[in-house]
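Trainee: I would like to go through this model and ask what lies behind each label. Can we take the pockets, a serine and the cavities in turn?

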Amino acid sequence: MSALSERPESPSIGIARPHEAAAAHVRGTALYTDDLVARTKDVLHAYPVQVTEAHAKVLAIRTEAAEAVPGVVRVLTAADVPGVNDSGVHHDEPLFPSEVMFFGHAVAWVLGETLEAARLGAAAVEVDTEALPSLVTVGEAIAAGSFQGEPRVVARGDVDPAMASSAHVFRGEFDFAGQEHFYLETQCALAHVDESDQVFVQSSTQHPSETQDIVAHVLGKHSHEVTVQSLRMGGGFGGKEWQPHGYAAVAALGATLTGRPVRLRLTRTQDMTMTGKRHGFHAEWSVGFDADGKLRALDVVLTADGGWSLDLSEPVLARALCHVDNAYWIPHVRALGRIAKTNKTSQTAFRGFGGPQGMLVIEDILGRCAPLLGIDPTELRRRNFYSEGQETPYGMPVRHPERIHRIWQQLLDSGDAEQRQAEIAAYNAKHAHSKRGLAITPVKFGISFNLTAFNQAGALVHVYKDGSVLINHGGTEMGQGLHTKMLQVAATALGVPPEKVRLAPTRTDKVPNTSATAASSGADLNGGAVKNACEQIRDRLLAVAAGKLGVPESDVRIVRGVARTPSGEEIGWDELVHAAYFDRVHLSAAGYYRTEGLSWDSATMSGTPFKYFAYGAALAEVEIDDFTGAYRTRRVDIVHDVGDSLSPLIDIGQIEGGFVQGMGWLTLEDLRWDESGRPSRGRLATQAASTYKLPSLSEMPEVFNVTLLTDAAEEGAVYGSKAVGEPPLMLAFAVREALRQAVAAFGEPGHSVDLASPATPEAVFWAIDRAVTAAPAVEAQVPDLVGQP
């Protein structure tokens, strides 16, 4: 094992520890950004002036009536911006727009002594507009040729001849929806300016450095004049990677202009109507199989609904294209991706970052084609798994493909799949109005940022004279347990008990130029940086200990807070640190880590964009009722590859949470925009928990078994671990495929079930109706889809 991967004696990693803030969460003492308002004097409150048109030109904004409202201090408009009036990294998102691009777009912000005063002031602002044509659906955008960003193609082999010579050819289309992040804490920022004009912003952000950049350029300042802190987040899921920047900039602008702290916190309805979602996609595909059911060719066009601005749509699309193969070897591939520009919120990062969308396409294809091929879906999937020596369509070798085979067999055995299939067949034969289904699906997910430059991290570690340790690192805590893992990494690298270590909030003046906590890379990147900083300090302390004990440095080990030699001489940690201080040994270190071995050409969509692949599989059983389409998830079994786990309790929690969130996306959460020609066109109709169905305890699997793959240490990753944030979300494909199997049981054998996504009870009801009345499906000839609208 490499120095990065090797584990020392008696490590603090690999031990099941609770979340480092669990007790504070239970007691209610854990503070979030908005909790700081009560501790801040003379705070002003910001409220948006939203325009209720899908697309319109702003002709005039009149603020006089708002300024006359008692308690209103100021109305912020574009004229107040001293720097650049833009909150987007691509400079396509005016902070105060002159053109309304989606229903609910904010064109001004009101500052009030109270939130109610600000709300009344916002209602009094008069905005004159001129309605413009709007595009609300992806289909409308495709028909109008409304695209943004650059189209991309991942290609390998020669698709057309391979398709023409395939024994079985099928084609289809697939529309699937996005997803609302619905983090517990809405977008929030609190800004103030000190006596030296230093701007300090508390922001619920996954990307403090970029929030710093945007605030600075809106204010016309340099980055060293702006400090951003992310205390903790009540969830992020990607929705706080790029989208918090504008809200932080509004708060900072208000604080700069008034000299008073400004708090901006969106209500739930504002958050849902103003912020981006997971990208919905439209897919057109053609697929060819040989006589044995092996994939030969795939031709697919993926159109992502990007919303009104570019945001992160290009890298989301790139990751979708790089995951359209999932765990399957496809010799000939042509995958074209493009981004539709619509009059909706600007869609953004969401857990999986396009990977789920790409993988859903191939899983839907296999689920639909298996009965037409006369092959059991479990066998069809297994038959097409990657093998040693094969590469992805973009040219990256697939390392450890044997793990997916091992996971698959382990899951079938531990989940009693064969016996349960027989029991399900017997149940279905006896019950006319309810059916059960069982399905297993795999996951192969690449870990690293697609953009190579983002794969770096920093840390700052202090050891104080009393032996206590303080860690600063560039990652943010959004409930996922990153700080817990970093505590364990630091304790392991220094050789001290975790109780010696404390973590400071993430701040741009402690660790600069950080990447977002995203792409499942938080533990890999920041863990490497924390480990590097701690090892610098440990090496200095080893030299001190060697001098005190009269032995060579190579004979000293620091384990469980004691420096000792093989012959038994020892010195305690606190004493060692005290001695090092008086020997004038530096007890602080800046750590750094960069992921090696990455290369990516975004123009040709080829290279090695990922450090490794995380593997997993889920086996799900469902039962559905044909009267209502309602269903329940009877049992889920998961085997997942997290390498050699840094913190097993945290990892299992992430697997469970990711799976349930994925199940919500695929089966419950149904975003609906008004597509009519009424004045409400473009309005998000599902803008609260009362209309947007989220998974709850009632949707949890009745039996839920999660197992971490053993003997799976990852060479070249921190202490042999693997990322766990995003990959488990795609395990939920098993639930959707189990629903497909249950629906199929209502019809004749060999019928291909076309199942909507999300597969809501309504969608399942209509799928059952089609299954009962369906005529036998036939294979279709394949058109050349590339380049077609």
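**Labels and what supports them**

Mentor: Start with the second largest pocket of this predicted model. Its lining has 31 residues, and those nearest the centre are D175, F176, A177, L671 and S757. The volume is about 690 Å³.

Trainee: What makes a residue part of the lining of a pocket?

Mentor: It needs an atom within 4 Å of a pocket point. β8 (168-176) and α19 (761-773) each supply at least two such residues to the second largest pocket.

Trainee: How many residues of that lining are nonpolar, polar and charged?

Mentor: The split is 13 nonpolar, 6 polar and 12 charged. Asp counts as charged, so D175, among the residues nearest the centre, belongs to the charged group.

Trainee: Now S166. Where is it found?

Mentor: S166 sits in the loop between α5 (159-164) and β8.

Trainee: Is S166 buried or exposed, and why?

Mentor: Its relative accessibility is 10%. Buried means under 20%, so S166 counts as buried.

Trainee: What makes the pairing of S166 with A162 a polar contact?

Mentor: A polar atom of the S166 side chain lies 2.7 Å from the backbone oxygen of A162. The cut-off is 3.5 Å, so the distance meets it.

Trainee: Which residues does S166 contact, leaving aside neighbours within four places in sequence?

Mentor: G288, F289 and R296. Contact here means heavy atoms within 4.5 Å.

Trainee: On to the cavities. How many of 30 Å³ or more does the search find?

Mentor: It finds 5 in the whole structure. The largest has a volume of about 330 Å³. Its lining has 21 residues, with S87, E93, Y247, M274 and W308 closest to the centre.

Trainee: Why is a space called a cavity rather than a pocket?

Mentor: In a cavity a 1.4 Å probe fits but cannot get out, whereas a pocket is open.

Trainee: Which elements supply at least two residues each to the lining of the largest cavity?

Mentor: β5 (105-112) and α7 (244-258). That lining divides into 11 nonpolar, 8 polar and 2 charged residues.

Trainee: What lines the second largest cavity?

Mentor: The lining has 14 residues, and D524, Y593, T595, K611 and Y612 lie nearest the centre. They divide into 7 nonpolar, 5 polar and 2 charged. The volume is about 90 Å³.

Trainee: What does UniProt list for residues 27-133?

Mentor: An unreviewed entry gives "domain: Aldehyde oxidase/xanthine dehydrogenase a/b hammerhead". In the model, this span is 14% helix and 34% strand, and its end C-alpha atoms lie 52 Å apart.

Definitions and conventions:
Residues are numbered from 1 along each chain as its sequence is written. This is a predicted model: local features need pLDDT of at least 70, side-chain atom pairs count only at pLDDT 80 or more; totals for chains, interfaces and linings use all residues. Side-chain values use heavy atoms; hydrogens and water are left out. UniProt positions are given in the numbering used here, feature names are shortened, and annotations may be inferred rather than shown by experiment. Helices (H or I, at least four residues) and strands (E, at least two) are DSSP runs, numbered from the N terminus. On a 1 Å grid over the protein atoms alone, a cavity is a set of points where a 1.4 Å probe fits but cannot get out, and a pocket is an open set with protein on both sides within 12 Å along at least five of seven lines; lining residues have an atom within 4 Å of a point. Grid points are joined across faces, edges and corners, and a volume is the space filled by probe spheres set on the points. Buried means under 20% relative accessible area, exposed over 50%, partly exposed in between (1.4 Å probe, protein chains only). A polar contact is a pair of N or O atoms within 3.5 Å; within protein, one must be able to donate a hydrogen and the other to accept it, and residues adjacent in sequence count only if both atoms are side-chain atoms.
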